[in-house]
Amino acid sequence: MSTDQETGAVTTDDVSQPAPLRRFSGSCHCGAVHFETSLDLSKAIACNCSICTTKGLILAFAPTSGLALLSGEDKLKEYRFNRHVISHLFCAACGVESFARGTAPDGSAMVAVNVRALHGVDLAELSPTPFNGRAA
């Protein structure tokens with residue numbers, strides 16, 4: 001795992017064959033923000049930056065085209081901090097951050113999905129890779 005110093009984007013140094021993507025549905029706590037996405041949860045990270053630590057986020061990444069927002073666009077509020085490169089989006093009703101929008105190291109648009117907001121995921125089966133976001 002590494003971070004692009006200019007954009008703050010997370011990249012994996014693993015060049016092995018990617019695992020097949022699985023389709024998930026997810027939502028905020030109150031259900032106002034509902035989405036579907038395809039992810040490889042074997043590449044999930046546990047970041048130690050101030051916002052991820054405070055919120056307890058476990059993140060998995062996908063291209064923006066890999067997330068379909070089914071409802072709640074009008075309920076999303078944005079929060080940016082530090083270098084203001086990541087658009088943290090949370091539900092105005094319940095406060096849950098289901099995903100964030102940003103840019104990958106190659107410049108492509110991407111989303112960071114809160115794995116805890118996905119339906120039917122057993123967190124005990126995951127081994128998220130620690131990521132030193134405090135140093136990014």
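**Aromatic pairs and two positive phi values**

A search of the whole structure, which is a predicted model, finds two aromatic pairs. I will take them one at a time, then move to the loop between β8 and β9.

A pair of aromatic rings is described by the distance of the centres and the angle of the planes. I will give both values for each pair.

Start with F35 and F99. Their rings are edge-to-face, with 5.9 Å centre to centre and 70 degrees between the planes. Where do the two residues lie? F35 is in strand β4, residues 34-39, and F99 is in strand β10, residues 99-103. The two are 64 residues apart in sequence, so the pair ties together distant parts of the chain in that sense. Are these residues buried or exposed? F35 has 0% relative accessibility and therefore counts as buried. F99 has a relative accessible area of 1%, so F99 is buried as well.

The other pair is Y79 with F81. This pair is stacked: 6.0 Å centre to centre, and 10 degrees between the planes. As for accessibility, Y79 counts as partly exposed because its relative accessibility is 42%. F81 has a relative accessible area of 23% and is partly exposed. The cut-off matters for F81, because buried means under 20%.

Now the backbone. Which residue has phi near 55 degrees? That is N82, and the value is positive in a residue other than glycine. N82 lies in the loop between β8, residues 76-79, and β9, residues 87-91. Its relative accessibility is 57%, so N82 counts as exposed; the cut-off for exposed is over 50%.

N82 can also be placed relative to S50. In sequence N82 and S50 are 32 residues apart, and in space they are 10.0 Å apart, C-alpha to C-alpha.

Next is H84. Its phi is near 60 degrees, again a positive value in a residue other than glycine. H84 is also placed in the loop between β8 and β9. Is H84 exposed, or partly exposed? With 46% relative accessibility, H84 counts as partly exposed.

To recap the loop: N82 has phi near 55 degrees, and H84 has phi near 60 degrees. To recap the rings: F35 and F99 are edge-to-face, while Y79 and F81 are stacked. That is the end of my part.

Key:
Residues are numbered from 1 along each chain as its sequence is written. This is a predicted model: local features need pLDDT of at least 70, side-chain atom pairs count only at pLDDT 80 or more; totals for chains, interfaces and linings use all residues. Side-chain values use heavy atoms; hydrogens and water are left out. Helices (H or I, at least four residues) and strands (E, at least two) are DSSP runs, numbered from the N terminus. Buried means under 20% relative accessible area, exposed over 50%, partly exposed in between (1.4 Å probe, protein chains only). Rings of Phe, Tyr and Trp (its six-membered ring) pair if their centres lie within 6.5 Å; planes under 30 degrees apart count as stacked, over 60 as edge-to-face and the rest as tilted.
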